[in-house]
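Me: Hi! I have a protein open on my screen and would like to talk it through with you. Can I start with a detail and work outwards?

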Amino acid sequence: MASRPAARDLALWVLSENARRGIWVEDALATVLRRHPRLPPAERALLLELVQGVKRWEIWLDWALSHFLPQPLKKLHPRVLLILRLGAYQLRFLSRIPARAAIHEAVAQAKAAGLPQAHGGLINAVLRRLAREGPPPLPPKERDPVAHLSLAYAHPPWLVQRWLRREGLPAAEARLAANNRVPPLTVRVNTLKTTPEALIPRLAAEGISARPTTFYPHGLVLMAWRTPPPEAPSYGEGLWRFQDEGAMLAGLLLPLSPGDTVLELGAGRGGKTTHLAERLHNQGLVAAVELHSGRLRELRQALRAWGATVAAPLRADAGRALPLKEGACDAALLDVPCSGLGTLRRHPEIKTRLAEADLATFPPRQLRMLEVAAPAVRPGGRLLYLTCTTEPEENEEVVAAFLKEHRDFRLHPHPELLPPPVRPFLEAPGWFRTSPAPHGVDAFFGALLVRTG
Ligand SMILES: C[S@@+](CC[C@H](N)C(=O)[O-])C[C@H]1O[C@@H](n2cnc3c(N)ncnc32)[C@H](O)[C@@H]1O
């Protein structure tokens with residue numbers, strides 16, 4: 001028997017871990033790549049494309065498939081649904097894969113999974129019809145813009161409705177389209193160790209071509225590579241790390257001087273902590289608080305690789321009072337947990353994972369973290385509130401609720417004094433906002449506050 005291409009089977013495994021156990025696809029992908037270190041580059045690229053593509057287009061795929069199915073999607077065997085999604089994705093979006101091959105592999109996957117023959121027959125029939133007849137027509141945009149946009153761009157109707165109401169048709173449609181573009185692989189350069197100018201030839205010697213990012217001065221876009229970038233020696237040496245350009249810009253918002261004491265809540269895997277260390281020239285202190293021990297472990301590794309000696313990682317729940325001295329910090333950075341709706345390009349599964357009702361769970365936690373941080377900031381000190389979501393309940397409204405109760409804080413009165421790269425992203429009365437459309441970066445929100453008394 002000819003051996004079957006690995007990518008489709010591995011993609012099916014990742015998608016079923018995701019569907020059955022709620023594991024994030026990027027975590028399941030990391031497991032697969034660890035277990036198959038010698039996966040040929042073409043198979044690896046196809047695996048990533050299939051997994052992210054299926055999650056990106058899931059809403060459209062399910063709608064198109066249900067058109068050809070005799071029973072509701074929910075009644076299908078879960079594995080059959082995943083095989084159908086994988087097959088339909090290839091038929092619709094991967095022109096280099098012949099329809100015949102995609103259908104044949106889907107049927108073979110059902111057989112390899114030990115599913116009854118009837119399931120293979122159903123998969124064959126549905127995919128053949130999709131290939132022959134093409135997808136059904138979308139509901140007309142004029143008559144039902146929400147249904148049309150939701151299917152055309154595979155976003156949940158509640159989200160389309162929100163963006164449509166708030167931004168109007170052209171801007172909402174541009175955002176939806178931008179969310180479906182595969183984002184560039186961007187990296188932040190470790191300015192404690194090197195410069196973008198020095199790193200570009202070093203990466204070239206390692207088989208990776210790179211160019212500077214558009215807005216952030218010390219970032220690069222990786223354009224092509226011979227081996228996977230995380231295997232490059234320069235990565236192991238901590239000369240760069242993956243980060244969206246919007247997050248790089250957000251990391252510039254907090255005014256800092258070497259020697260400052262900084263409180264960071266929600267340090268995660270260290271994207272902002274390493275940036276703070278650079279901006280402090282490793283002088284002062286960053287108390288980097290993170291709740292989850294797994295992330296804290298990764299944070300410690302990242303700090304070591306980065307040479308970020310100024311940062312002290314601390315495991316604590318920033319939703320409760322922390323043992324912090326009143327006014328002990330010059331600055332605080334809060335990268336709060338949020339719905340992540342600004343990162344749909346990189347985490348497309350949020351589109352089907354998040355329900356509108358979930359949005360209400362974030363603001364109380366976000367406000368609480370602001371309240372925990374506030375007393376630690378000295379008079380004249382700065383507090384930066386950051387999210388990676390588009391929704392006002394988690395952004396402006398949380399900041400407004402905080403300011404209402406804390407008259408000793410106000411929005412930074414001089415946004416024009418902030419570093420030039422962030423200025424194009426500032427809007428009245430002082431919000432920082434990036435967006436996939438028109439900026440081509442993830443959607444981040446920031447509010448820089450100062451303590452007056
Ligand atoms: C947006 S992510 C942080 C990303 C990180 N700052 C970076 O740039 O890579 C928010 C982080 O807050 C952490 N978190 C959530 N609730 C928390 C709490 N109550 N106390 C401390 N950290 C918390 C999450 O585990 C998550 O790592």
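Me: Which residues does asparagine 395 touch, not counting residues up to four places away in sequence?
Reply: Asparagine 395 touches three such residues in this predicted model. They are Thr387, Thr389 and Phe445.

Me: Where does asparagine 395 lie?
Reply: Asparagine 395 is in the loop between β9 (377–387) and α17 (396–405).

Me: And is asparagine 395 buried or exposed?
Reply: Asparagine 395 is buried, because 24 other C-beta atoms lie within 10 Å, and 20 or more is the cut-off for that.

Me: How far is asparagine 395 from glutamine 366?
Reply: From C-alpha to C-alpha the two are 9.2 Å apart in space, with their positions 29 residues apart in sequence.

Me: Let's zoom out. How many helices and strands does the protein have?
Reply: There are 18 helices and 13 strands in the protein. The radius of gyration is 24 Å, close to the 22 Å that the globule rule gives for 453 residues, so the protein is as compact as a globular protein of that length.

Me: What box do the C-alpha atoms fill?
Reply: Along the principal axes, the box is roughly 70 × 55 × 35 Å.

Me: What share of the residues counts as buried?
Reply: Of the 453 residues, 43% count as buried. As for contacts between residues at least 6 apart in sequence, 72% of them join residues at least 24 apart.

Me: Which residues of the largest nonpolar core touch the most other members?
Reply: Those are Val262, Ala332, Leu334, Ala373, Leu384 and Tyr385, in a core of 62 residues. Apart from that core lies another one, of 48 residues, with Trp60, Ile123, Leu127 and Trp163 among them.

Me: Why would residues like that gather in a core?
Reply: In soluble globular proteins, nonpolar side chains tend to be buried together.

Me: Back to tyrosine 385: what is it in contact with, leaving aside neighbours within four places in sequence?
Reply: Tyrosine 385 is in contact with Leu334, Val336, Leu370 and Val399, and also with Gly446, Ala447 and Leu449. Leu334 is itself among the core members that touch the most others.

Me: Changing topic, what surrounds the ligand?
Reply: The ligand has 18 residues around it, and the closest are Gly266, Gly268, Gly271, Ala318 and Asp335. The elements giving two or more residues to that shell are α13 (271–279) and β6 (285–290).

Me: How does the shell around the ligand divide by class?
Reply: The shell has six nonpolar, six polar and six charged residues.

Me: What is in the loop between α13 and β6?
Reply: Histidine 281 has its place there. Its phi is positive, near 50°, in a residue other than glycine. With 14 C-beta neighbours inside 10 Å, histidine 281 counts as partly exposed.

Me: Which other residue has a positive phi although it is not a glycine?
Reply: Alanine 154 has one, of about 50°. Alanine 154 is found in the loop between α7 (145–152) and α8 (157–167), and it is buried, with 23 other C-beta atoms within 10 Å.

Me: Which peptide bonds are cis?
Reply: One is the bond from alanine 428 to proline 429, with omega near 0°. Another is the bond from alanine 437 to proline 438, with omega near 10°.

Me: Where do proline 429 and proline 438 lie?
Reply: Proline 429 lies in the loop between β11 (426–427) and β12 (431–433), while proline 438 is found in helix α18 (residues 436–439).

Me: Last topic. What domains is the protein divided into?
Reply: The division is into domain 1 (6–133), domain 2 (148–179), domain 3 (185–242) and domain 4 (246–451).

Me: How many residues of domain 2 are in contact with domain 4?
Reply: Eight residues of domain 2 are in contact with seven residues of domain 4. Helix α9 (residues 169–179) gives the most to that side of domain 2, with four residues. By class, the side of domain 2 that touches domain 4 divides into five nonpolar, two polar and one charged.

Me: And how far apart are the C-alpha centres of domain 2 and domain 4?
Reply: Those two centres lie 27 Å apart.

Note on methods: Residues numbered from 1 in each chain as written. Predicted model: local features only at pLDDT ≥ 70, side-chain atom pairs only at ≥ 80, totals over all residues. Rg over C-alpha atoms; globule rule 2.2 N^0.38 Å. Buried ≥ 20, exposed ≤ 12 C-beta atoms within 10 Å, placed from the backbone. Contact = placed C-beta atoms within 7 Å. Near = placed C-beta within 6 Å. Nonpolar A, V, L, I, M, F, W, Y, C, P; charged D, E, K, R; others polar. Domains from an automatic or database assignment. Core = buried A, V, L, I, M, F, W, Y, C linked by C-beta atoms within 7 Å.
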